[in-house]
Amino acid sequence: MMELTLALGIGVLVGSGVWLLLRPRTYQVIIGLSLIAYGVNLFIFSMGRLRMNAAAVLSSGTNVNPADYADPVPQALVLTAIVIGFATTALFLVVLLVSRGLTGSDHVDGREPH
Amino acid sequence: MEWTSHLLIAPIVLPLVAGALLLMFDERRHTLKAAISLASVLTLLVITVVLLRFVDSETAMTSVYPLGNWPAPFGIVLVLDRLSALMLVLTSVLALAALIFSLARWHKSGPHFHTLFQLLLMGLNGAFLTGDLFNLFVFFEVLLAASYGLVLYGSGQLRVKAGLHYIAINLAASSLFLIGVSLIYGVTGTLNMADLALRIPAVAAEDRMLLEAGATVLGIAFLVKAGMWPLGFWLPTAYTAAAAPVAAIFAILSKVGVYVILRLSLLLFGVDAGATAGFGSSWLLFGGMATIAFGAIGVLASQAMGRLAGFYVLVSSGTLLAAIGMASVSVTSGALYHMVSSTLAISAFFLLIELVERAQDPAANVLAVTMEAYGDDMDEEEAPEEVGLAIPGTLAVLGLCFVGCALLLAGLPPLSGFIAKFALLTAMIGGNENAAMWVLAALLLLSGLSAMIAMTRAGIRTFWAPIEGTVPRVRVSEIVPVGFLLVLCLVLTVQGGSVMRYMDATAQSLHTPMNYVRAVMSTAQVPGPKAAESQ
C-alpha cells in the first residue's frame, strides 16, 4: 500500500510538472520545474528501499547490524538535491522577473503570439 | 602524504578561494579584481600543466585523492588520469584566453564577472576530477549555476530570452541526471564510478533492465549538455547570445557532456562489463551522425557568424559522439585530438567574431538576410571607386586570424584541424569496415566542406564586400588571446607526433578500465597525524 501511494504521488507530481513545463507562460514553467524537483526528490528517497521505523544514524555500540538501519545515502543525496534545487529555482525566478521587466510579457518567447 | 599529492585538489580549491575573495571587494576596484582573477587563472594553468606532466611521466598513471581520508567505495575520491589531466589543461588555456580578452572591455559591463568566471572554472575542474557520480552532479550544478549567471552577463533582451530557455532546459536535464543516478544507486548500491564498474557485471538478470534504464536517463542528461540531435536545439541560440569571452569559455561546456559520456561508457559498459558491454554505443554512433548532419546544415544556413560558430559546436560534438560510439582505441585517440583542436578553434572564433562584428552596426545582419532573400541588385549601381586602397593593419591581422579559424574549422591542411580529421579517418578505415563507418566518413568530409563554404561566404561578406570599410577599433589585448589560441593549434600541428602519442596512451588506458578501477579501489587510508606519531 505504501509503495502504491508513493509511486502514485511521484507519478502525479512529475506528470503535472511536465505538463506545466510545456506551457507557454514563465510562471507555469517555474511551477512545473518545482513539481518535477519534488517528484525527483521523492524518487531518490525511494531508491534506498522504503523502511518503517528504522534509524538512519548508527548508535554507538560495538555490535551494529546494518540490516536494522535505513540506508542513509539517499537521504544525504535528497538533502543535497533539495538545496541545489532551491537555489536554482530562486535564480530562475530572478531571470523570469527580469524577462518580464525587459519584454513586458510573461510569455517564454518574450512576446505574445499573434 | 607529501605536498605534491595535495596538488590534485588545487584546481578545485584555487578558483573557489579566488571567487570568494573577489566577492569581498567593491565593483569599482576593477584593477584589483582583474589582478586576482588573472593570478588565479595563471596559477591554475601552471598547476594543470604540472599535473599533466606528472600523469604523463609516471608508470602508474592514475593518482587518487581520497577526500576526508575515507577509503574508496565509502568516501568520495578525486581521480586524476591522462584524460582528466588533458581536460584540465584545456580548460585553463581557454580560461586564460577568455579572461585576457574580457579585461579589455567586457569585465566592466556588469557585476561579479570574475566571481562567476572563477566558480565556473571550479565546477569544470571538479567535474573532470571527480570519481563519484553524485559528486559529479554537485560539480555540474556549480558550473551550471555559474554559467546561468554568465550567459545573462551584459544583459539585454536577447540574452535574457536565450538565458531563460537555457536555464529551463538545463534544470530539466538536471532532474533527469538525478533520476538516472538514483536508479543506478538503487540497483547497484554504490555511486563510486570504479566500484560501479566492478559491480555492474554481477547485476542480476532481472535487475539489468532497471540498470540500463538508469544509464539511459543519465545518458540523456549528458547528451542534452553535449548537444546531440535532437536534444541540442537550444545550443546555438544560447551560445550566440552570450558575450564573447563567455562564449569562448562555453566552448568547453559542451565538451563536459562528451567527457562524461566517454568516461562512463568505457568504464561502466566497456570490455569487462559482461552482459551489458557496449550498451548504448550504437545510439551514440547514429545520434552522433545525425548531429553532424544537423550541425552541417545549420552551418550552411547561418547568416550571422555567431550562429555559424554555434552550429559548428554541434558538428564537433556530433563527431566526438559518433567516434565514441565506434568504441575502438585508435578512433578514440583521433577523437581526443579532434576535441582539443576543435575546442581551441571554436573558442578563438567566438572571440574573433566579436572583434570583426564590432565595426558593423547591429542591423547589418538583418539586412544581410533580407538582401539575400530579395536579391541584392542595389549593389550593382555602385561602381567600385577606390581600387588601390591599402588594407589597414587591423583588418589584415583580423583577416589572417579569420583564415586560420576557417582552416581549423573546415579541417584543411596545414593546421591541426586537418590532422584531427586525418587521424579519425585513417583509424576508421583501418578498423572494421561497415556501412555505418563509410557514412560517418562521408559525413565528416561533407561537414568540413559545409564549414568551408560557410566560412568563405562569411569572410567575403565581412572583409571584401563592404564598400566603405569601417575598421573596427581593436585593442592589442583583445587580438592577442585569439592569436594565442591559434598559435596553440599550430603547436599542436608541429608537435603532432608527441601529442598523438599522448592521445594514444589516453585512449589505451580508457579502453582498459581495470587499471583505473584497481588504482581507485586499492587506495589505502592515509595514516593521520596521531597514528603517525604513535608508530
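# A guided tour of chain B

In chain B, 81% of the contacts with a separation of 6 or more are between residues 24 or more positions apart. The model on display is a predicted one.

**The whole chain.** Select chain B and colour the display by secondary structure. The chain comprises 23 helices and two strands. Of its 535 residues, 57% count as buried. A surface display may be added next: the accessible surface of chain B comes to about 21200 Å², and 68% of this area belongs to carbon and sulfur atoms.

**Helices H4 and H20.** Two packed helices are described by the angle between their axes and the distance between the axes. Select residues 82-104 of chain B, which form helix H4, together with residues 476-494 of chain B, which form helix H20; their axes come within 7 Å and cross at roughly 165 degrees. Because angles over 145 degrees count as roughly antiparallel, H4(B) is roughly antiparallel to H20(B). The crossing of these two helices, H4(B) and H20(B), is left-handed.

Which residues make the contact between H4(B) and H20(B)? On the side of H4(B), select Val93(B), Leu94(B), Leu96(B), Ala97(B), Ile100(B), Phe101(B) and Ala104(B). On the side of H20(B), select Ser477(B), Glu478(B), Pro481(B), Phe484(B), Leu485(B) and Leu488(B). Sorted by class, the contact of H4(B) with H20(B) has eleven nonpolar residues, one polar residue and one charged residue.

**Ser347 in helix H15.** Keep Leu94(B) and Leu485(B) in view and add Ser347(B), a residue of helix H15 (residues 329-357) of chain B. Is Ser347(B) buried or exposed? Its relative accessibility is 0%, so Ser347(B) counts as buried. Apart from neighbours within four places in sequence, Ser347(B) is in contact with Leu94(B), Ala248(B), Ala251(B) and Leu485(B). Among these partners, Leu94(B) belongs to the H4(B) side and Leu485(B) to the H20(B) side of the helix contact visited above.

**Helices H7 and H9.** Clear the selection and choose residues 157-188 of chain B, helix H7, with residues 208-226 of chain B, helix H9. The axes of H7(B) and H9(B) come within 8 Å and cross at roughly 155 degrees. That angle makes H7(B) roughly antiparallel to H9(B). The crossing of H7(B) and H9(B) is left-handed. The residues of this contact, between H7(B) and H9(B), divide into 19 nonpolar, five polar and one charged.

**Leu121 in helix H5.** Select Leu121(B), located in helix H5 (residues 113-129) of chain B. With a relative accessibility of 0%, Leu121(B) counts as buried. What surrounds this residue? Neighbours within four places in sequence aside, Leu121(B) is in contact with Pro15(B), Val41(B), Leu44(B), Thr91(B), Ala95(B) and Ile249(B). For a sense of distance, select Val50(B) as well: Leu121(B) and Val50(B) are 71 residues apart in sequence, and their C-alpha atoms are 18 Å apart in space.

**Ala146 in helix H6.** For the last stop, select Ala146(B) in helix H6 (residues 133-151) of chain B. Ala146(B) has a relative accessible area of 4% and is therefore buried. Setting aside neighbours within four places in sequence, the contacts of Ala146(B) are Leu116(B), Leu119(B) and Leu120(B). Finally, draw a line from the C-alpha atom of Ala146(B) to that of Val491(B): the two residues are 345 residues apart in sequence and 31 Å apart in space.

Key:
Residues are numbered from 1 along each chain as its sequence is written. Chains are lettered from A and ligands numbered from 1 in the order in which they are written. This is a predicted model: local features need pLDDT of at least 70, side-chain atom pairs count only at pLDDT 80 or more; totals for chains, interfaces and linings use all residues. Side-chain values use heavy atoms; hydrogens and water are left out. Axes are lines fitted to C-alpha atoms, for helices over the stretch in contact, and angles run from 0 to 180 degrees between N-to-C directions. Helices (H or I, at least four residues) and strands (E, at least two) are DSSP runs, numbered from the N terminus. Angles under 35 degrees count as roughly parallel, over 145 as roughly antiparallel, 65 to 115 as roughly perpendicular and the rest as oblique. A crossing is left-handed if the near helix is turned anticlockwise from the far one by less than a right angle, and right-handed if clockwise. Contact means heavy atoms within 4.5 Å. Ala, Val, Leu, Ile, Met, Phe, Trp, Tyr, Cys and Pro count as nonpolar, Asp, Glu, Lys and Arg as charged, and the others, Gly among them, as polar. Buried means under 20% relative accessible area, exposed over 50%, partly exposed in between (1.4 Å probe, protein chains only). Accessible areas come from the Shrake-Rupley method with a 1.4 Å probe; for residues, only the protein chains shown count as cover.
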